[in-house]
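Morning, everyone. I'll keep this short. Please look at the model on the screen.

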Amino acid sequence: MNNKITDISSQEKNSGTIAIKVDGLNKWFDKFHVLKDISMSVLEKKIIVICGPSGSGKSTLIRCLNHLELFQEGSVSIFGQELLNDKKSATLIRENVGMLFQNFNLFPHLTILKNCTLGPIWLKKIPESKAVEQAMVLLDRVGVSKLVSKYPGQISGGQQQRVAIARALAMEPRIMLFDEPTSALDPEMIKKVLDVMIDLAESGMTMICVTHEMQFAHQVADQIIFMSDGEIVETGPPEQVLKNPKWDRTSHFLQHILSHTS
Amino acid sequence: MGKLTNPKAELLEFVPRPSRPPVVVTYGFTGWLKKHLFGGFWNTLQTIAVFSLLYLLLKPFIEWSVIDAVWVASTRRECLEISPDGACWAGVITWFNNLIYGRYPDELQWRINLGFGLGLVWLMPLVLKKLKNKIGIAIMAVVLYPFLANYLFIGGEPNGLHYIIACVALAYLMMIYINIILIYTGCQLLEQYLEPLLERISPKKAALLSHVACWFVLSLLIVSIFQGVQLQHVPIDMWGGLFLTVVISSFAIVMALPIGVFLALGRRSNMPVIKWFSIAIIELVRSVPMITVLFMSVTMMPLFFPNTMDLNKLSQVIIAVCIFAGAYMAETVRGGLQAISPGQFDAAKSVGLGYWQTMFLIILPQALKLMIPNIVTSFISMFKDTTLVSIIGLFDIMLMARNISIDKDWYGLHSEPLVAISFIFFIVCYGMSQYSQSLEKKLKTSR
Ligand SMILES: Nc1ncnc2c1ncn2[C@@H]1O[C@H](COP(=O)(O)OP(=O)(O)OP(=O)(O)O)[C@@H](O)[C@H]1O
Ligand SMILES: [Mg+2]
């Protein structure tokens, strides 16, 4: 693993384009208040890690960012483009935002290669030969280029998740959302997926990761957001949140998690 | 990371051992018998019991249908004189042609064979590997082929719209085959020869234009070639037998899936009007017996269409059967759609696909694959259900079979035609089910 900690980048560039701006976001599932007054802003090329106990609304929050969930109150804007409740806005947003899921969600009826070329061919109208070429580069980058003609059901979970990364990258997004990308994997595969994510982070992608891999957070995150019960409890650089949390809730959760992973 | 490994100790290198080919167990025939049929006391007893039961049941049938049967005779009376206890297949054989073609004139039956033959010819390219745009060919087959077949079956003067559409369809078929020959001999496609010419007119649409141009020229050619060929008119009342059954049921089978898919999607839609409309159609049609739908189609459908439209009984029945089949299929499709995990929708959306793209590229291919057994089951039952049209007086295979028993030569010959039809139906339905199984195997991609 490449162990150079990239703390330089996080401190130096304090100003930059705002990639994501969330303002006063409230969301209810029926009467259940999932997200309460969430506000945050993410600068371009920053890596944000969101953690928190199960059911605290982490998935819901990042699903709101690419229009997979609708919200009732507040506003979200991606690169200055406000997210509205219509199809056109959804398509515009999703052009810029790629997303990874806990259980990969590859398309099981298509080969690995087709999984990665489908979007470019149908949405960007790129000719097939060129799409294949680009997909091969990406698949090579995530280290699964030998598996291109297999189907998702025939490869391991770690490989599937890396293919999912390549599939998202094929659409050339400027922001990537990760929803617990490694929690369905065993340790050896986790490392390979994290390596790809670290590589991605170093290449300057704006990333929001819901994850409980604290070592990863420590290594690449510019900011950690701790959520509980639909609220942002604490936010700050990893050093601060991980070493000197302000709230008992955070410290309690971190102790819990660290005792499990290390 | 480095805490767990001990740097001092010499580590052995782990090399995975090479894989062996899988163990194959063979028994041979007697071994197989011993293992599966006569392994142990109870197993042997079961085998004997089942076989004796089969013998008891099958013996009388075989005696009746094969051993005592009469194959050659000119009337039923003659049959009974030769062998009173056997089947009289002679009647079925005499009427066989009518069972298959109904009252279609004997000397014109080649047109039916040619029509169905062309249908097969149209579908055959779909199994070729090198051919592109198979979906286009299949859609064209659905859209154009019926006109071609219909013209062959009905006949008429070689002029008018019907004749021209049939020629256009034939031209498309010819173009497919010319292109296949060109591909397999390593040449360019037909339309690619024209493309450079048309590129000057409109560089962007040159491919499409040249395709249409080739098609048009071929159509003109065919229209003029067949100008002199007169096909004698055979009114639809003369159609019948298995031929009619196949015509009706193939409409039902081909239309069921698209109608079913759209109704199922409509039922899941967020738009209330579409949703309620789909639910209404599905529930109404499903809760009414097929026979009622058929009767209504004949008596009531003319009320819904303008007087000037010339609707015959057959097209009314076909419309009714298609809607009926579609409504049933809709529920099958909905079941399949529900089996797809929501994660697939999320993934498709996050890649950026829109609603129709998500449905047609991601969701339906998976859902349809899951549903193949159900779909084929309903195809089979549709094929069998079409025999109900005999009730409203279409001379399908069922009515032809009953006609045998009121023919003056074969008066009272009831069972044999029914057994013969069962046999025909079994062959067709078993064929469909076998095909579906091979399709399932072919499409099996994961695990
Ligand atoms: N579609 C839904 N309808 C109703 N309630 C929902 C829905 N999705 C999530 N919830 C509820 O919203 C809350 C937040 O869910 P969410 O999935 O965002 O949590 P999470 O922080 O991602 O948890 P985990 O770590 O387990 O993934 C949970 O209590 C959940 O039960
Ligand atoms: Mg979650």
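Start with chain B. The C-alpha centres of its domain 1 and domain 2 lie 54 Å apart. Domain 1 of chain B covers 27-67, and domain 2 covers 107-233. One caution before we go on: this is a predicted model.

Next, ligand 1. Which residues are around ligand 1? Chain A supplies Phe29(A), Phe32(A), Val34(A) and Pro53(A). Then comes the run Ser54(A), Gly55(A), Ser56(A), Gly57(A), Lys58(A), Ser59(A) and Thr60(A). Glu180(A) completes the list. By class, that shell has 4 nonpolar, 6 polar and 2 charged residues.

Now the contacts, serine by serine. Take Ser54(A): an N or O atom in its side chain is 2.6 Å from an oxygen atom of ligand 1. Ser56(A) uses its backbone, with an N or O atom there 3.2 Å from a ligand 1 oxygen. Ser59(A) goes back to the side chain, where an N or O atom is 2.5 Å from an oxygen of ligand 1. How much of ligand 1 does the protein cover? On its own, ligand 1 has 640 Å² of accessible area, and the protein covers 59% of that.

Which elements give two or more residues to this shell? They are strand 2 (32-43) and helix 2 (58-65), both in chain A. Helix 2 of chain A gives the most, with 3 residues.

On to the second largest pocket. Its space comes to about 1,000 Å³. There are 26 lining residues, and the closest to the centre are Lys87(A), Asn270(B), Lys349(B), Gly354(B) and Tyr355(B). By class, the lining has 12 nonpolar, 9 polar and 5 charged residues. Four helices each supply at least two lining residues. From chain A, that is helix 3 (87-96). From chain B, we have helix 10 (241-268), helix 15 (342-351) and helix 16 (355-385).

Last stop, the cavity. How many cavities of 30 Å³ or more does the structure hold? Just 1. The space inside is about 70 Å³. Its lining takes in Arg94(A), Val97(A), Gly98(A), Met99(A), Ala164(A), Arg167(A), Ala168(A), Met171(A) and Pro173(A) from chain A. Chain B adds Ser350(B) and Val351(B). By class, that makes 7 nonpolar, 2 polar and 2 charged residues. Strand 6 (97-100) and helix 6 (157-169) of chain A each give at least two of them, as does helix 15 of chain B.

One link to take away. Helix 15 of chain B supplies at least two residues to the lining of the second largest pocket, and at least two to the lining of the largest cavity. That's my tour. Thanks.

Methods: Residues are numbered from 1 along each chain as its sequence is written. Chains are lettered from A and ligands numbered from 1 in the order in which they are written. This is a predicted model: local features need pLDDT of at least 70, side-chain atom pairs count only at pLDDT 80 or more; totals for chains, interfaces and linings use all residues. Side-chain values use heavy atoms; hydrogens and water are left out. On a 1 Å grid over the protein atoms alone, a cavity is a set of points where a 1.4 Å probe fits but cannot get out, and a pocket is an open set with protein on both sides within 12 Å along at least five of seven lines; lining residues have an atom within 4 Å of a point. Grid points are joined across faces, edges and corners, and a volume is the space filled by probe spheres set on the points. Ala, Val, Leu, Ile, Met, Phe, Trp, Tyr, Cys and Pro count as nonpolar, Asp, Glu, Lys and Arg as charged, and the others, Gly among them, as polar. A residue is near a molecule or strand if one of its heavy atoms lies within 4 Å of it. A polar contact is a pair of N or O atoms within 3.5 Å; within protein, one must be able to donate a hydrogen and the other to accept it, and residues adjacent in sequence count only if both atoms are side-chain atoms. Accessible areas come from the Shrake-Rupley method with a 1.4 Å probe; for residues, only the protein chains shown count as cover. Domain bounds come from an automatic or database domain assignment.
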